[in-house]
Amino acid sequence: MNLHTPYPYWLLKNGFLFEYPALRHPLQVDYLVMGGGITGALTAWYLAQAGVSVAVVDRRHIGMGSTCASTALLQYEIDVPMHKLAKFVGEKNAARSYHLCIEAIDKMEQICEELPFSTGFERKPSIYCASKKADLEEIDLEFAIRQKHDIRVERWTKTDVTRAFPFFQSPGALYSPHDGAQVDAYSLTHALLQDAMKHGAQVFDKTDVVSIRHEKTQVELQTNHGHTIRAKQLVIASGYESQEYLEQKVTRLHSTYVLVSEPIDGEIWYRDALIWETARPYLYLRTTPDRRVLVGGRDEPFYSPGKRDRLLSKKTQLLAKDVEKRFPLLAPLQVDFNWAGTFAETADGLPFIGTVKARPRTIFALGFGGNGIVFSQIAGEIIRDAALGKKNSDAHIFSFDRAKSSSYTA
Ligand SMILES: Cc1cc2nc3c(=O)[nH]c(=O)nc-3n(C[C@H](O)[C@H](O)[C@H](O)COP(=O)(O)OP(=O)(O)OC[C@H]3O[C@@H](n4cnc5c(N)ncnc54)[C@H](O)[C@@H]3O)c2cc1C
């Protein structure tokens, strides 16, 4: 599948950060991670840190799947608000999911601090705005349940919003001062893999897994170059292309559009907050370390890469207008980069991390939805724990079992 148009900002900004060989020989390893995006990188990093023998293969260059197209806001707030998520998975699991996302961002901060490479990680506040007055009820319900579960969030009135964002027409918002961040997911992926390699991980790109045979004691994979990989465990971290390995449809695909402005002098907006809203599909905004506005949204159901890409120019104009409406001082917004990408979401906004009966010795790490990167961190820890034979008391929240319930429809 073609996952995005050719020139996301991060690829142009960073170029080829590191080279990795294609796999040109047979390979035997304990854990084989199929997919060298942010999910595969975090998983391999956790496994290598724990002393597990691990290799990563990717059919593309490293990070050039969805990861290089990501806007990379790191939010503890899942696409499905907690009060709605509670209806899918129960209040306890919903609250735990939100807290796990908070912890995931903390842990990623720690990892990024220790990595000897630039990852673009920066702490940012986050604001979730009511798009219209009728959405205030949802904002209030969400505020109440987040407060009940000890999440540090403020309920902002229209006046509060206007004080911080003078032209913003929002009747109210939830402001999270502490628990958001942003990153450069492409750089972080390379940084994690470079570090994992220091701990023994092997990384191969331009290596396509073309067939998989699941046996009782191992998984046997064939590559496009005709080599065999034997692994005690397979991790499928193949992003939005993973659905082909699952019998049950668990995701919906969408097309999303992103623009990056030219650099802007001075403060762009209040505390460079991450901004998103109650409307669906929603608009999502952040700034970049080189002082640009990065805005994504104008999503629609994915039909084909061709149709997605033909809309890029029109969607870019609409996104620029969306920014100018909210921030008139930025008009006319000078667009430097734009791209279109495909992304997958699940019905409850949670990722799928776990096993399915049809594929023994295999664990899926599918960080879908607007928090995909945060979910990738959670997947990395769950898989590390499984490798060490350690019980992870949160793993059940993200298992495939929940998709068996009649209330779950992709
Ligand atoms: C435009 C856009 C904006 C986004 N914004 C955000 C955001 O703000 N915050 C956030 O948290 N998330 C965001 N996401 C989602 C996030 O980017 C994804 O969740 C994340 O990048 C997925 O990483 P991954 O490693 O699972 O998948 P990928 O990066 O796609 O990596 C999977 C890899 O598997 C490889 N692969 C597939 N099949 C095979 C095979 N058979 N053999 C070998 N290799 C294979 C692919 O080549 C690919 O490189 C956004 C996504 C898009 C597209």
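The bounds of the domains named in this tour come from an automatic or database domain assignment. The structure on display is a predicted model.

**The ligand and its surroundings**

Begin by selecting the ligand together with domain 1 (9–70 + 186–250 + 349–404) and domain 2 (125–179 + 252–345); each of these domains supplies at least three residues to the shell around the ligand. Of the 39 residues in that shell, the nearest to the ligand are G35, G37, G65, G239 and G372. Next, colour helix 2 (38–49), strand 11 (252–261), strand 15 (335–345) and helix 10, the elements that contribute two or more residues to the shell. Colouring the shell by residue class will show 15 nonpolar, 19 polar and 5 charged residues.

**From helix 10 to helix 4**

Keep helix 10 (residues 372–387) selected and add helix 4 (residues 91–114): their axes lie 9 Å apart and the helices pack at an angle of about 85 degrees. Helix 4 is therefore roughly perpendicular to helix 10. To view the contact itself, display L100, C101, A104, I105, K107 and M108 in helix 4, which meet V374, Q377 and I378 in helix 10. This contact comprises 7 nonpolar, 1 polar and 1 charged residues.

**Strand 4 and its partners**

Now select strand 4 (residues 122–129) and strand 6 (residues 172–182), which pair in the antiparallel sense over 7 bridges. S126 may be labelled here, with S176 in strand 6 as its bridge partner. Finally, add strand 12 (residues 274–277), which runs parallel to strand 4 and is joined to it by 4 bridges. In this pairing, I127 has I275 of strand 12 as its bridge partner.

Definitions and conventions
Residues numbered from 1 in each chain as written. Predicted model: local features only at pLDDT ≥ 70, side-chain atom pairs only at ≥ 80, totals over all residues. Axes fitted to C-alpha atoms, helices over the stretch in contact; angles between N-to-C directions. Parallel < 35°, antiparallel > 145°, perpendicular 65-115°, else oblique. Contact = placed C-beta atoms within 7 Å. Nonpolar A, V, L, I, M, F, W, Y, C, P; charged D, E, K, R; others polar. Pairing = 2+ DSSP bridges. Near = placed C-beta within 6 Å.
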